[in-house]
Structures are given as structure tokens and as C-alpha cells.
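Reader: I would like to learn how to read a model of this kind, feature by feature. Could you take me through it slowly?

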Amino acid sequence: MAKRIQIEQNGGPEALQWAEVTPAEPKAGEVRVKNHAVGVNFIDIYFRDGLYKAPAMPTSLGTEGAGVIDAVGEGVTGLSVGDRVAYAQGPLGSYSEYHVLPAAKVVLLPGSIDFETAAAMMLKGLTCQYLLRQTAELKAGDVVLFHAAAGGVGTFACQWAKALGVKLIGTVSTEEKAALARANGAWEVINYSKEDVVERVKELTGGAMCDVVYDSVGKDTWLTSLDCLKSRGLMVSFGNSSGPVEGVNLAILNQKGSLFVTRPSLNGYADTPERLKAMCQDLFSVVANGDVKVQIGQRFALKDAAKAHIALASRQTTGSTVLLP
Ligand SMILES: NC(=O)c1ccc[n+]([C@@H]2O[C@H](COP(=O)([O-])OP(=O)(O)OC[C@H]3O[C@@H](n4cnc5c(N)ncnc54)[C@H](OP(=O)(O)O)[C@@H]3O)[C@@H](O)[C@H]2O)c1
């Protein structure tokens, strides 16, 4: 038997149950990972509260983790029992001592990266990889606005942007988070709980505004974000921390300067084993050369996943959050 966090129905953090289950056997093309560390992400909250629909109930949550392969299904090549691995994509169920998933979603972990670091970096780091290096191919001198700059994805973005020579303006809600974003390489920081973001972006850019805005806050920041772009700039809406953006009238993109908008996801970019591997190589190299330091702001026991969800949803966390089985 093994333990996992599961929900029987959507709800608040109290819906998370500490349950005993028999670990599933891997089917053809799958592996089973004995998790040593599990990543916590905002998407886990969307699946818990029902914004995103889980395929079945009861279900465990989570799509990110790191550990050791302890069983291999038929037809799997390149992965064996005992391998140190990490993963960042579905199916749901990483909030668990054992997780079964397709071998195609699992990558071998370099010896230099420990399990906690891996669980803290896979989903957020790969997201940052595609946002900065694929959704927009940023180059030195570009100016971008990145909301929630002291958060999980934001902490990767500040550092990676600095390494690329990109001027990242980060938004944050407190002075402590502002200091953190600055320390991580943000070019400038705006405390959006007390400053006018559009006016500050105007000042900071001499009126030129931003080439790209990365907005994971969603509902609360959508319009502000559009106003921070230069003509023909790119709006990357990649999350819903304050709620989803709904009811958009496309004409607004014309009114605000012939803007481009995209709503990307990690699964849409790491959609083949080859693409996943290439993205991991890029991520592992910036971590190995020290450009990006993985920062674990919070650790919780797996059974205390509810505490992690409460902290993340109430904006108390910085950097990455990991659960320890
Ligand atoms: N599309 C993708 O591929 C993809 C992949 C990974 C993550 N994401 C998205 O990226 C975002 C960041 O994920 P994360 O796991 O790294 O979380 P996070 O950034 O560590 O936490 C969310 C942050 O959003 C800010 N925020 C603003 N308004 C909020 C509100 N009403 N409620 C809660 N937080 C609010 C808070 O920072 P301040 O206090 O500084 O405002 C908070 O710390 C999430 O929206 C997530 O869904 C998308």
C-alpha cells in the first residue's frame, strides 16, 4: 500500500484527503516513479477547485515530481528500474508516493540535480523556457513586463531574462517580493498593489512601452497588460491566478495598437518527446552554468498539501514550493 493526496469532489483545500491506495502497475509504454519530491503549481489549485476538469474522480492531483523508477511497462526503451528521473506533465497524480505515467513524459535527471531541485524546476522552468525562448524569441535589449515576478515561474523568468540581456520589468504585491525580484535580476520592479503599472512602464521605457507582456494573473491584470504594450506588441496570457480572462472582444486588440495575443500551455510546446528533451537540455544548461538558481521558498510534507495550497492561493509563497513524501 502507499499514500497519496486525493479529492473525491472539487472544493477548497479541505477537499484534499490523505488516502491509502495500492500503487498501479505500469501498462505498456508507462513507468512507475517512486517520488522523492513533488512540485506544487497553481494548476493544481485549478484542478482542485474545478476551474479545470479532472478526467475522473476520485483523483490525485499534481503533474510534477522527481524520484526513482521502480517499475517499467512493456515496450519502454531508454528507461530502467533505478533510474533517477523527473517529469512536469500529466496525467494527474504526482501528489503521491508512487506515480505511473507515460515514459514519453519522463526525463533522466543529470547527477548534479537533486530530487527537490528537480521537483521545483521542471514545470516552472520548462514553462519559462518556452515563454522566453519560443513563444517570443527574446533578444538582448527587449523590454518585457512579467507579472508575479517573485512567484514560481516569475523567479525563473527574472533570472533567465537577465542572462539573455532582456530588460524584465516585474510586478509584485509587496516590498519583500520586490526585493526578491530585483535580487533575481529584474531590470525594474513595480509594486502593483500601490503603483500605477501603465504610468510606471511609460516612465521606465521613456514612453516606448513593452515588446512582450507575460500575464499569468489573468482577470485582474488583462486590460492593464494590454496598455503596457507598444504597437504590434505580444500579449502572452498564460494563467488565471486571479481568475480566467473571459468575454474578450477582439476589436480591443485593434484599438490598443494592432496587438498580438497568445494563450499558450506547456503541453502545447513540450508535445513530443524530442521537443521535451530539447527544452530540458536548455533548462538543465542554464541551471548547470549558474544563470538560473532554483529557489525553493517553501517545503511541506506531502500529507500537508492543503497547507501548501492555502499559502500559494493567498500569495504567501515565493519561488517554488515542494511536497516531501
Ligand atoms: N500556461 C502554462 O503553461 C503555465 C505553466 C505554469 C504556470 N502557469 C501559470 O503561471 C502562474 C504562476 O504559477 P506558479 O505556480 O508559479 O504560481 P506563483 O506565481 O508562485 O503564484 C501566483 C502568484 O500570482 C500573484 N497573484 C496575483 N493575483 C493573485 C490572486 N488573486 N490570487 C493568487 N495569486 C495572485 C501572486 O503574486 P503577487 O503577490 O506578487 O501578486 C502569487 O504569488 C499561474 O497562473 C499558473 O497557472 C501557466
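Author: Let us begin with the ligand, keeping in mind that this is a predicted model. Helix H1 (42-49), helix H2 (115-135), helix H3 (152-164) and helix H10 (305-313) each contribute at least two residues to the shell around the ligand.

Reader: Which helix gives the most to that shell?

Author: That is H2, which supplies three residues. In total 28 residues surround the ligand, and the closest are Tyr130, Ser173, Lys177, Tyr192 and Arg315. Sorted by class, the shell holds 14 nonpolar, eleven polar and three charged residues.

Reader: Which domains give residues to the shell, and where does the ligand lie in relation to them?

Author: Domain 1 (2-121 + 270-324) and domain 2 (140-263) both give residues to the shell, so the ligand lies between them. For comparison with the record, the unreviewed UniProt entry carries the annotation "domain: Enoyl reductase (ER)" for residues 11-323. In the model, that span is 32% helix and 26% strand, and its end C-alpha atoms lie 20 Å apart.

Reader: How should I read the individual polar contacts with the ligand, and which atoms take part?

Author: Look for pairs of N or O atoms within 3.5 Å. A polar side-chain atom of Tyr192 lies 2.4 Å from an oxygen atom of the ligand, and an N or O atom in the side chain of Ser173 is 2.5 Å from an oxygen atom of the ligand. With Phe42 the backbone takes part, as one of its N or O atoms lies 3.0 Å from a ligand oxygen atom. Taken alone the ligand exposes 910 Å², and the protein buries 92% of that.

Reader: What should I look for in salt bridges?

Author: Side chains of opposite charge can pair when their charged atoms come close. Taking a cut-off of 4 Å between a side-chain nitrogen of Lys or Arg and a carboxyl oxygen of Asp or Glu, the count comes to 16 salt bridges. One of them joins the side chains of Glu116 and Arg299, at 2.5 Å from N to O. This pair links distant parts of the chain, with Glu116 in helix H2 and Arg299 in strand E15 (residues 296-301), 183 residues apart.

Reader: And how do I recognise unusual backbone geometry?

Author: Most residues other than glycine have a negative phi, and most peptide bonds are trans. Here, however, a cis peptide bond joins Met57 and Pro58, with omega about -10 degrees, and Pro58 is found in the loop between H1 and strand E4 (59-60). The bond from Gly90 to Pro91 is also cis, with omega near 10 degrees, and Pro91 sits in the loop between strand E6 (84-87) and strand E7 (98-102).

Reader: Where does Ala148 lie, and what is its phi?

Author: Ala148 lies in the loop between strand E9 (143-146) and H3, and although it is not a glycine, its phi is positive, at about 55 degrees.

Notes. Residues are numbered from 1 along each chain as its sequence is written. This is a predicted model: local features need pLDDT of at least 70, side-chain atom pairs count only at pLDDT 80 or more; totals for chains, interfaces and linings use all residues. Side-chain values use heavy atoms; hydrogens and water are left out. UniProt positions are given in the numbering used here, feature names are shortened, and annotations may be inferred rather than shown by experiment. Helices (H or I, at least four residues) and strands (E, at least two) are DSSP runs, numbered from the N terminus. A residue is near a molecule or strand if one of its heavy atoms lies within 4 Å of it. A polar contact is a pair of N or O atoms within 3.5 Å; within protein, one must be able to donate a hydrogen and the other to accept it, and residues adjacent in sequence count only if both atoms are side-chain atoms. Accessible areas come from the Shrake-Rupley method with a 1.4 Å probe; for residues, only the protein chains shown count as cover. Ala, Val, Leu, Ile, Met, Phe, Trp, Tyr, Cys and Pro count as nonpolar, Asp, Glu, Lys and Arg as charged, and the others, Gly among them, as polar. Domain bounds come from an automatic or database domain assignment.
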